[in-house]
Amino acid sequence: MAFIDLADQSRISISQISDNHFYSNTLSLLQGHHTSIVLLPDTSTKTRLYGMISQILGEENVIPVNRKYFNESTWYSLECLRMSPLTY
């Protein structure tokens with residue numbers, strides 16, 4: 001999951017969260033950071049987590065992106081961050 005703090009648009013957070021089947025840690029983190037937009041893998045659009053986040057933020061604020069950008073074993077994720085003006 002990637003989220004951007006719109007109060008400080010130069011900062012992006014990328015998180016991998018260990019959670020239970022209620023996703024309480026994930027939802028608390030999103031609400032605690034006043035998250036506006038969430039990027040999730042496009043393979044997750046039919047999952048319970050996607051639905052819960054969509055209910056909280058609105059479906060227009062949950063953006064599915066290609067799964068390859070979440071694969072830490074490929075260069076895509078790191079290369080995108082290196083090319084961006086964001087700090088992390």
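Before I turn to the structure, one term: a crossing of two helices is called right-handed if the near helix is turned clockwise from the far one by less than a right angle. With that in hand, let me take you through this protein, and please keep in mind throughout that the model is a predicted one.

I will start with the overall layout. The protein has 88 residues, of which 25% count as buried, and its secondary structure consists of four strands and three helices. If you follow the chain along its sequence, these elements come in the order β-β-α-β-α-β-α. Among contacts with a separation of 6 or more, 53% are between residues 24 or more positions apart. As for the surface, about 6,100 Å² is exposed, and carbon and sulfur atoms supply 53% of that area.

Now to one pair of helices. Two packed helices are described by the angle between their axes and by the distance between those axes. Here, helix α1, which covers residues 24-32, packs with helix α2, residues 48-57, at an angle of about 30 degrees, and the two axes are 11 Å apart. Because angles under 35 degrees count as roughly parallel, α1 is roughly parallel to α2. The way α1 passes α2 is a right-handed crossing, in the sense I gave at the start.

Which residues make the contact between α1 and α2? From α1 they are Thr26, Leu27, Leu30 and Gln31, and from α2 they are Leu49, Met52, Ile53 and Ile56. Sorted by class, six of the residues in this contact are nonpolar and two are polar, while none is charged.

Conventions:
Residues numbered from 1 in each chain as written. Predicted model: local features only at pLDDT ≥ 70, side-chain atom pairs only at ≥ 80, totals over all residues. Heavy atoms only, no water. Helix = DSSP H or I, 4+ residues; strand = E, 2+ residues; numbered from the N terminus. Buried < 20%, exposed > 50% of the residue type's maximum accessible area, 1.4 Å probe, protein only. Contact = heavy atoms within 4.5 Å. Areas by Shrake-Rupley, 256 points an atom, 1.4 Å probe, with all protein chains shown as cover. Axes fitted to C-alpha atoms, helices over the stretch in contact; angles between N-to-C directions. Parallel < 35°, antiparallel > 145°, perpendicular 65-115°, else oblique. Nonpolar A, V, L, I, M, F, W, Y, C, P; charged D, E, K, R; others polar.
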